Amino acid sequence: MKTLYLLSLVSILSLMSCKQEQPIEIGYSLADTALIPKPLEINPTHKAFGLNSETTISYKGADLKTQAELLQGALKDAFGLNLMVTDQKDSSNSINLAVEIEDTNLEAYRIDINPSLIELKGASVAGVSRGIQTIRQLVSVELVLGRENTRAIPTGTISDKPAMEYRGAMLDVARHFFSVDEVKRYIDQLAYYKINKFHMHLTDDQGWRIEIKSWPKLTTVGGSTEVGGESGGFYTQEEFKDLVAYAADRHIEIIPEVDMPGHTNAASVSYPQLNGNGKTPELYEGMEVGFSTFDTHSEKVYQFIDDVVGEIAAISPSPYFHLGGDESHSTKKEDFIYFINRVSKIVSKHDKKVIGWDEIAHADVPSPAVAQYWASNENASLAAEKGLKVLLSPAKKIYLDMQYDTQSPYGLHWAAYVPVKDAYDWDPYSYASIDESAIFGMEAPLWSETIFDTQSLEYLAFPRVLAVAELAWMPKGTTLWDDFKKRLEAQSHYFKREGINYYASPDINWE
Ligand code: TNX
């Protein structure tokens, strides 16, 4: 009797496991998935893994715990799947995370997907973090028929790493202020597409957005307004640290910018001695540029800058400090050069490397330093000649604040109208007439004269920021507009799920 009972139990169990092991049928393979950026290598094996609430996420080593939890949170938010996270290795129905591959490129990762197990191995925690985004993008939009709340992930292997080390986005929080939560939301979206640098344009004529304890009026006065006369705002140092940590968990580095000697009206309203012209300027809510300057021959100004750079450097782990330097139309050229040289020394004194807009090529900034090419080919060439690296942000291609066309409700068009195709279909390696070895990376700036909240921000950033994410990730000469466009069509599922207010360009056949 007992034997019979045991036997039948065994057969029921094997029936059950038989049922579970039925392969999942899907009509596409790993090679057909709409991954952005497109991975270096995909080898499909034409089966599928079933992701469901029984799947566990297991991580090897305490430093992967945060990554496991971020994946858990993302799958819960997107698909309502409540996966368990464990540090015990599982051999079936599990996603196993480990730092286990050797690659000098620390963002390299490899994913092996078979019907019962997904193994994600990174060259570092950053590599695992990039691979997690790939897994998130691989989860099928539709549920698997006949299975309880199960989604398919096609089997095969992916080996991937980025071509460019610097793949950035910039947000101007000065022309309009964006709250900590709004910035975090954008950071999350950027992480999904493997952007790894987030440049914050923290100061401009219309507002000073970062607390400086030794110069408190910068924020109480200089942070009080924004374009259009709304109420402005600023980040306390604690809030800035919180943003840095939030981004760091997603393996995104925040690069702070204090723009000078021009774009400094808000600072000079707060402390009128900074402009050296004896006048107290007024708070500025317009959109003009080029009218303000620091007094480049005042020692008080350099003391001020030393304090500002020092306080920010102390809470900013990035090795870089962006000193601005653009459009200083009210500063004489020789004064500009003298100023940039002096401020570069202050930046080095605080153990940071200089990044500045391409105009800094006219000064003698010691390398390693980076000139951010936005408008002037000549400046980019000059920078490269002087041994600076060049960060590519050509306004005609990847300024996210350029309107898509004449109908765009937000944005400007001083550089160009930039439809989605134009943001993607160009060659970053030959765009500036500089040697490839001088290219530091790419960054998509989003200036905020015409945007003021998440809705308007997303309209300009999406989908164009994806073009930059992919151009910087894929190897030189491998990007194809038609191929990208196809994968872009499927992003509407993610955009809609996240409530992203993307521009549904009629040139794209959105799914
Ligand atoms: C030029 S780009 C600027 C910004 C404006 C932007 C608007 C650059 C370095 N300076 O001050 O916000 O155009 O597109």
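## A salt bridge between distant stretches

E165 is partly exposed in this predicted model, with a relative accessible area of 48%. Its salt-bridge partner is K197, and the closest approach from N to O is 3.5 Å. The two come from distant parts of the chain, 32 residues apart: E165 sits in the loop between β7 (151–160) and β8 (166–172), while K197 belongs to strand β9 (residues 197–201). K197 is buried, since its relative accessible area of 7% falls under the 20% cut-off.

## More charged pairs

What lets such partners get together? Side chains of opposite charge can pair when their charged atoms come close. The count for this model comes to 24 salt bridges.

One of them joins K241 and E238, with N and O atoms 3.1 Å apart. These two are 3 residues apart in helix α6, so about one helical turn separates them. K241 is partly exposed, at 37% relative accessibility.

Another pairs R487 with E470, at 2.8 Å between the closest N and O atoms. Here the partners are 17 residues apart and sit in two helices: R487 in α16 (residues 481–489) and E470 in α15 (residues 464–473). R487 is buried at 7% relative accessibility, and E470 is buried too, at 0%. Shared partners tie K38, E470, D483 and R487 into one network of salt bridges.

## Around the ligand

Now to the ligand, which has 14 residues around it; R175, Y399, D401, W414 and E449 come nearest. Sorted by class, that shell holds 8 nonpolar, 1 polar and 5 charged residues.

Which side chains offer polar atoms to the ligand's nitrogen atoms? D326 is one of them, with an N or O atom 2.9 Å from a ligand nitrogen, and E327 has a polar side-chain atom 3.1 Å from a ligand nitrogen. An N or O atom in the side chain of W414 is 2.7 Å from a ligand oxygen. On its own the ligand has 360 Å² of accessible area, and the protein covers 97% of that.

## Two buried residues

N52 lies in the loop between β1 (41–51) and β2 (56–59), yet it is buried, with a relative accessible area of 16%. A polar atom of its side chain is 2.9 Å from the backbone nitrogen of E54. Farther along the sequence, N52 is in contact with residues including L81, N93 and E148.

Q237 lies in helix α6 (residues 237–249) and is buried as well, at 8% relative accessibility. Beyond its sequence neighbours, Q237 touches E211, I212, K213, E311 and I315. Q237 and I312 are 75 residues apart in sequence, but their C-alpha atoms are 8.3 Å apart in space.

Technical notes:
Residues are numbered from 1 along each chain as its sequence is written. This is a predicted model: local features need pLDDT of at least 70, side-chain atom pairs count only at pLDDT 80 or more; totals for chains, interfaces and linings use all residues. Side-chain values use heavy atoms; hydrogens and water are left out. A residue is near a molecule or strand if one of its heavy atoms lies within 4 Å of it. A polar contact is a pair of N or O atoms within 3.5 Å; within protein, one must be able to donate a hydrogen and the other to accept it, and residues adjacent in sequence count only if both atoms are side-chain atoms. Accessible areas come from the Shrake-Rupley method with a 1.4 Å probe; for residues, only the protein chains shown count as cover. Ala, Val, Leu, Ile, Met, Phe, Trp, Tyr, Cys and Pro count as nonpolar, Asp, Glu, Lys and Arg as charged, and the others, Gly among them, as polar. Helices (H or I, at least four residues) and strands (E, at least two) are DSSP runs, numbered from the N terminus. Buried means under 20% relative accessible area, exposed over 50%, partly exposed in between (1.4 Å probe, protein chains only). Contact means heavy atoms within 4.5 Å. A salt bridge is a side-chain nitrogen of Lys or Arg within 4 Å of a carboxyl oxygen of Asp or Glu. Lists of a residue's contacts leave out its neighbours within four places in sequence.
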